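I opened this notebook to record what I looked up in one structure. The entries follow the order in which I consulted it.

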Amino acid sequence: MKTELFKVSRSQHAATINAALRELGHFRLFGPACGLLSLLICVITQQTVRPQNPRWFEAAREAMVTEAVIGLGIKNPRVIEAMRRTPRHEFVPPDQRHLAYLDMALPIGFGQTISPPFVVAYMTEALDPQPDDKVLEIGTGSGYQAAVLSPLVQEVYTIEIVEPLARRAAQTLKRLGYGNVFVKAGDGFLGWPERAPFDKIIVTCSPESVPDPLIQQLAEGGRMVIPVGERYQQILYLFRKRDGQLEREALLPTLFVPMTGEAEKRRQIQPNPRRPEIRNGDFEELLEGKDEPVGWHYQRQLTVMTSETAPSGQRFVRFQNEEPGRFSQALQGLPMDGRAVRRIKVSLWVRGENLRAGRTAQESPGFVILFYDESREQIGEYFFGPWLGSFPWQQRMAIIPLPIQVREAIVRIGLLGGTGSLSVDQIRLEPVSPGTRGSAE
C-alpha cells in the first residue's frame with residue numbers, strides 16, 4: 001500500500017534513546033518509497049551505533065513503537081507487543097534496513113512496498129485478532145503484516161498476486177519461524193475458498209468495492225478491514241458480517257495501491273490525469289460519523305472548524321503545532337499527466353497566527369506538490385510558501401510548471417514542521433491554458 005509521512009525527531013519517551021524516529025516526509029503511497037529522508041540518526045546511551053548492529057535495530061524498533069504506534073493512539077496491548085517483537089528489518093531489502101523503523105513505506109521490488117508501521121498496527125487493532133482466529137490476508141507483499149498477525153491468531157492464510165514476492169515472503173516467514181503462516185500466489189479478489197470460512201479478513205490494497213468472494217468466505221460474525229474506493233480516493237472500512245450481510249464502519253480516509261487482477265478489470269471509475277483537481281478543497285464533506293474531511297489522508301494535528309466567516313461554505317481546517325519539527329499536515333493524491341498539462345494553477349485561502357519555521361527553514365508552513373513518473377519514482381517537487389507571521393484571511397495563488405514525465409502527484413498542506421496556527425480553505429487546482437502568465441502571490 002501506500003503511501004504516509006515520516007520524520008526524525010527527539011523521542012520524549014524512550015529513556016535510553018536520545019534521538020529517535022518519527023514521521024516526516026512522504027511515504028510513497030503508490031509504489032517504491034523514494035527516500036525523501038536520507039538520514040537516519042539513532043543514538044543509544046550516548047553512543048552512535050551502526051545500523052547493522054542488533055542493538056541498533058532493537059532501540060530503533062522500540063522508538064518506532066513508542067512514537068508511531070503508542071504515540072499515535074494504538075491501545076491494544078497484544079498488538080503493541082506484536083509490533084515490538086516483529087523484526088521489520090528482516091522484511092525489507094538490505095539496502096533499506098537502515099530505514100526499517102521509520103514510519104514509512106519502503107520498496108520491496110516489483111513496484112510494491114512494505115506498509116508503514118502505524119498503518120499495520122492500526123489495521124491489526126481494527127481487526128481485533130483473537131487467539132483462535134483463522135485470518136485471511138490479501139496482499140502478502142513482504143510478509144510483514146502476516147508476521148505481526150502470527151502470534152495473535154491461530155492461523156494466517158495470505159495471498160500475493162506477484163509470484164516472486166509470494167515466494168520470497170514464504171521463505172522469509174519460514175526462516176524466521178512463523179510456522180502458522182501459509183502463503184499462496186494468486187489473485188486476492190478470489191480469496192482462498194479451500195480454506196474458508198475465515199474469522200477475519202484483512203486487505204492491504206484497494207478495490208473499488210468489496211469483492212463478493214471475500215464476503216462469502218468471511219464467517220458469520222467475522223470482521224473485514226479493507227480500503228475501498230476510487231484509485232486516488234479511498235476510505236478504510238471495518239465490515240462486520242451479520243445475518244449474511246456486511247455492516248460497515250468508516251475508519252479513516254486513506255490511499256492504498258489498487259487491487260490488481262480481477263478487481264482492476266471491474267473498476268468502473270478511472271482517474272483523469274488530463275484534468276488534475278483537488279477533491280473537497282473547501283473541507284465541507286466529512287467522513288461519515290467522524291469529524292475528518294474526506295479526500296485527505298495522513299491527517300496530523302488538524303481540526304475541522306465551523307464558521308460563517310469561512311471563505312467558502314461553513315467549514316475550514318486549522319493546523320496547529322507547538323513542537324518544532326513535529327508535522328501538522330494533510331495529504332491528497334491525484335493523477336497528473338505532464339504530456340497533456342504543462343502548467344497548473346493553485347489557489348487557496350490561508351490565515352496565520354504566529355507562524356514560524358521549525359528546526360530548519362525547510363520546516364515551514366506551506367503547500368507542496370510532489371511529482372512522480374510512470375514508475376512511481378519521485379521526479380521533483382514544488383513548494384508554495386513559506387507563510388510566516390500573523391495575517392488575516394487572504395487568497396494566495398501560484399502557476400506551477402509540471403515535469404513532462406509526471407503521471408501522479410501528492411499534495412501536502414499544513415505547517416510541515418513549523419509552529420503556530422494555520423487555517424486553510426477553498427484549495428483549487430486547475431490546468432492552465434497555453435499563453436497564460438502568472439507567478440506566486
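The entries below go from the whole chain to one helix, two sheets and a single loop residue.

Entry 1, the chain. I noted at the outset that the model is predicted. I looked up the secondary structure and found seven helices and 23 strands. I then checked burial: of the 441 residues in the chain, 58% are buried. For the surface, I recorded an exposed area of about 18,000 Å². Carbon and sulfur atoms supply 46% of that area.

Entry 2, helix H1. I located H1 at residues 54-70, a run of 17 residues. From its first C-alpha to its last I read 23 Å, close to the 24 Å expected at 1.5 Å a residue. I next asked how many residues of H1 are buried. The count is twelve of 17, and I therefore entered H1 as mostly covered, with buried meaning under 20% relative accessible area. Among the buried residues I listed Trp56, Phe57, Met64 and Val69. The buried set also includes the charged-type names Arg61 and Glu67.

Entry 3, the sheet with S15 and S21. I traced an open sheet of five strands in the order S15-S16-S23-S18-S21, with antiparallel pairing. Its edge strands are S15 (302-306) and S21 (389-401), each of which pairs on one side only. I recorded an average twist of 30° from one strand to the next. Within this sheet I followed S18 (residues 343-356), which pairs with S21 in the antiparallel sense over ten bridges. I found Trp349 opposite Gln395 in S21.

Entry 4, the sheet with S14 and S20. I traced another open sheet of five strands, ordered S14-S17-S22-S19-S20, and its pairing is antiparallel. The edge strands here are S14 (297-300) and S20, and each pairs on one side only. The twist averages 15° from one strand to the next. I looked up the pairing of S19 with S20 and found it antiparallel, over six bridges. Phe367 stands opposite Phe384 in S20.

Entry 5, Asp373. I placed Asp373 in the loop between S19 (366-372) and S20 (378-384). Is Asp373 buried or exposed? Its relative accessible area is 18%, and the limit for buried is under 20%, so I entered Asp373 as buried. I then asked which residues Asp373 touches, not counting those up to four places away in sequence. I found Ile379, Gln405 and Arg407.

Key. Residues are numbered from 1 along each chain as its sequence is written. This is a predicted model: local features need pLDDT of at least 70, side-chain atom pairs count only at pLDDT 80 or more; totals for chains, interfaces and linings use all residues. Side-chain values use heavy atoms; hydrogens and water are left out. Buried means under 20% relative accessible area, exposed over 50%, partly exposed in between (1.4 Å probe, protein chains only). Accessible areas come from the Shrake-Rupley method with a 1.4 Å probe; for residues, only the protein chains shown count as cover. The expected span of a helix is 1.5 Å times one less than its number of residues. Two strands pair if DSSP finds at least two bridges between them. Axes are lines fitted to C-alpha atoms, for helices over the stretch in contact, and angles run from 0 to 180 degrees between N-to-C directions. Contact means heavy atoms within 4.5 Å.
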